[in-house]
Structure formats: C-alpha cells, structure tokens
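The exercises below go through one model step by step, each with a worked solution. Please keep the sequence and the coordinates open while reading.

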Amino acid sequence: MIGNTFRQSGYELVEFGQAADVCVINSCTVTEQADSKCRQLVRQVLRKNPATFVAVVGCYAQIGSAALQKIAGIDLIVGTQDKLRVIEYIDDPIKLPEPRVIKTSMTKAPFTIAAGAGAAPTTRANLKIQDGCDFMCSFCVIPFARGRARSRALGDIQREALQLIDAGHQELVLTGVNIGTYQFEDKKFFDVVKMLLAIPELKRLRISSIEPTTIPNELIALMADSEVLCPHLHIPVQSGDDHILAGMKRLYTTAEYLQFIEYAAARVPDVLIGTDLMSGFPGESEAAFRASCDLLKNSPLAYAHVFTFSERGGTAATRLKNKVAPPIKKIRSAELHRLSEAKKFDFYKRFLGRQLRVLTEEQSTPGHWLGFSDNYIKVAIPCEKLSPNSLVRVRLASVAGDTGIGEIVKAASVE
Ligand code: SF4
C-alpha cells in the first residue's frame, strides 16, 4: 500500500537492496528480535548507499523512535497513524532538523484509507478493515504501537474491495490487528464478511488471524456453507495451560478454546485451523509447557506459529517473576516447531488423491508454480503453462515437507 502511494506519485519501485533515492522501511515491533532486525536493516541500507533518503515508518517507529534517532543517517521517522502519508513528508519542502519525527496520537475514531488500484495482481490482496487493539495481553506491545481498536468505515472497505477485484484480484484477505472486534456504527465483523460475500465477482475471501473470543458461531456456519469464504482459521491460543493463560491476560480457558475449535472442525468440512503458541512465558513450568505440546498434538490444530517470549518494555509481563532461562526457552520453541511440522504434514496427507482448488502465486523454480488451496495447503504444481493469479484444480499427488505436489486436473478460472 505504501508502495502504491509512491508509484502513483511517479516514483519507480525497485527491489530491496538495489540503489535508490529513497528507502522506506516499514517496521514491526512485535518482538525484541523484530526491533533489532529493523535497526540492522537500517544500518545495512546506510552502509550500502549512504546518500539514500532513509525513512523508517510503522510500529517500531511509533514506540522505538528514541532508539532509532541514535542511528546517524536516518532522515525521517513516521509512526503508525501517519505511515501511509510518508510520501507527503518526503516531498515536503520544509526542512527540519534530522531525523524528522512524525508521531500523532491514535484515536478510536473510524478511519478510511485512500487506496489506489495498485500494481497488476500476482497474488491475493490484503484488505485492511481494522487497526489497534484494546485487549492488553500482558506480553504484547501492539496496543502501544498501534493504539486503541478502531474500524474502517464499511463503505470504504467495499470501495477498495471492488477496486481490487476490478484490478484482477481473485482472493481478498481480511486483515487488521484484532479483526473480530470490528465495530463501525451498528456493523460488526460478521456484517463485513456478508457484505463482501455479496460481491458476485469475488472468488475467494480469507480471514487472517482472529482472536478466540471474537468469532461468532454464525461465521462458522457461513464458512461451512460458502464456496467463497475459505475454510481456514488462524486462532491464536498462546498456551495450553490455564495458569499461563491467566498470567497472559488472555480471555479464555484451554477448555473453551478446545471446545470452539472442535466445533469448527466438525462443522466446516476440511477446515485448516492454525494457531500461535508462545514458549517461555514467565512461570511456564515443564508441566505447563507439556500442556501446550499436548494441546497441539491432540487437537484439530494443523500447525502453530511459534513465538519465544521476550520482554517488551512497558508491558505487564516484564514485572512477572519466575522467568524461564533462555536455553530452556530455545529448547521448548524447537520442540513446538517440530510438533507443528509433524501436524502440518499429517494434515496435508489427509488430502492425498483429493482435488483442491489452488490460486497460483509465483514460481519456486522455473516451471514449478506455488500457490495455496482454499484451505491454505501450500501446493507446488509442475506446469510450464501457468501464470500467476490463476485458479486451477489439482489432485494432490504427494507431500514433501511443508508442500503438497499437485497435478493439474483443470483450470478452475475457466470452469
Ligand atoms: S489480542 Fe492480545 S496479542 Fe493480540 S494484538 Fe491484542 S493485545 Fe496483542
């Protein structure tokens, strides 16, 4: 989206790492590692190309501006609220002492996004419907970086969706920080989904990560019956231990979480359900860690994104005692990764010999197209003739690691 604003102003976009007059780094601050990666990236850019105008925007720019200002050479730092307007500050003739820092306070007011049509589609398109979060989980810095929960005006979402579909996108992915809390006037998340499903030209609608307590049962029923709403849910659980969940200030128990995903798995044929799991939260005993492993092993979950707890300044978890030693955190994360890979492999294998509808994205090697099925199975298709953004029907012939190999049955887009 930031790229589009530059393209529309006559800039030519180049691959990261190539020489450029301006370099914009859209930063993340979800973990300590993300902060340090951003600082490394900035230094790398400045080393390679000291004359480049460097702008750091986004979440880390919002809460880490003091650390960023210590890096000589950064020209501009723009926080979350104003990051889509970064070009205006770059083109602004007013010269202020460098680095210039733009940070406005974030309100709860609904928002709109002046989105352009963007480049020719090569893949699914993200459609942002919400920003910020009011949940205040004790480990999470996002409410500080992204501000309070606020929702995009319904008409503005519809306008951009139509624009993206018109531009050729076949799949839209609903994104935001806590999308299930969407609330614009009397409209809720379910209304956004229904509004988009009513667009006849839309081939696929996917929901990105959604918090456990925010998913209405009617959404699951809709997913079960719809050809367009993808049977794919990513529902972060974080831990399989109730004591740890309480310390994290999560709003559910393990039993409630399990009950919900078991209901979804039974109600939606072939649904793929993934989660986030955190290892090494303060107080995580061996038994608590085992409970997380058991939850992943013995539930309908097909994979977990694994995070290792790191202390984030200003969050409540920094005050908790019984910290877990770094080597133990590392071992536990590695075990969760292994379990996740095994679960994904087992899930994929269930579809061997079956037909899947895949949207192609890019070539892994010449003549091998990668894409995702409706239920988010990653599929490689050996076929010279395909192009990006094609809907094709394949039969899953084998599974290698985290990728299924598909044989073309027919091009779904011409069905
Ligand atoms: S729900 Fe919790 S983990 Fe997710 S963004 Fe909000 S505070 Fe962070």
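**Exercise 1. Determine in which sense strand 17 and strand 19 pair, and follow the neighbouring pairings of strand 18.**

Solution. Strand 17 (378-382) and strand 19 (403-410) pair in the parallel sense over 2 bridges, where strands are DSSP runs of E with at least two residues, numbered from the N terminus, and pairing requires that DSSP finds at least two bridges between the two strands. Within this pair, Val-379 has Gly-404 of strand 19 as its bridge partner. The model is a predicted one, in which local features need pLDDT of at least 70 and side-chain atom pairs count only at pLDDT 80 or more, whereas totals for chains, interfaces and linings use all residues. Residues are numbered from 1 along each chain as its sequence is written, and side-chain values use heavy atoms, with hydrogens and water left out.

Next, strand 18 and strand 19 run antiparallel and are joined by 7 bridges, with Arg-395 bridged to Glu-407 in strand 19. The two strands form a hairpin with 2 residues between them, and Gly-401 in the turn has a positive phi of about 60°.

Finally, strand 15 (residues 355-365) pairs with strand 18 (residues 391-400) in the antiparallel sense over 5 bridges, and Gln-355 has Arg-395 as its bridge partner in strand 18.

**Exercise 2. Place these strands in their sheet, and find the helix that packs on the sheet.**

Solution. The 5 strands make a closed barrel in the order 15-16-17-19-18, with mixed pairing. From one strand to the next, the twist averages 50°. Helix 13 (residues 326-349) packs on the sheet and touches strand 17, strand 18 and strand 19, contact being taken as heavy atoms within 4.5 Å. The direction of helix 13 makes about 125° with that of strand 18, on a scale where angles run from 0 to 180 degrees between N-to-C directions and axes are lines fitted to C-alpha atoms, for helices over the stretch in contact.

**Exercise 3. Describe how domain 2 and domain 3 are placed relative to each other.**

Solution. The assignment, which comes from an automatic or database source, gives domain 1 (2-102), domain 2 (125-349) and domain 3 (355-414). The C-alpha centres of domain 2 and domain 3 lie 25 Å apart, and their contact takes 17 residues from domain 2 and 19 residues from domain 3.

Note on methods: Helices (H or I, at least four residues) and strands (E, at least two) are DSSP runs, numbered from the N terminus.
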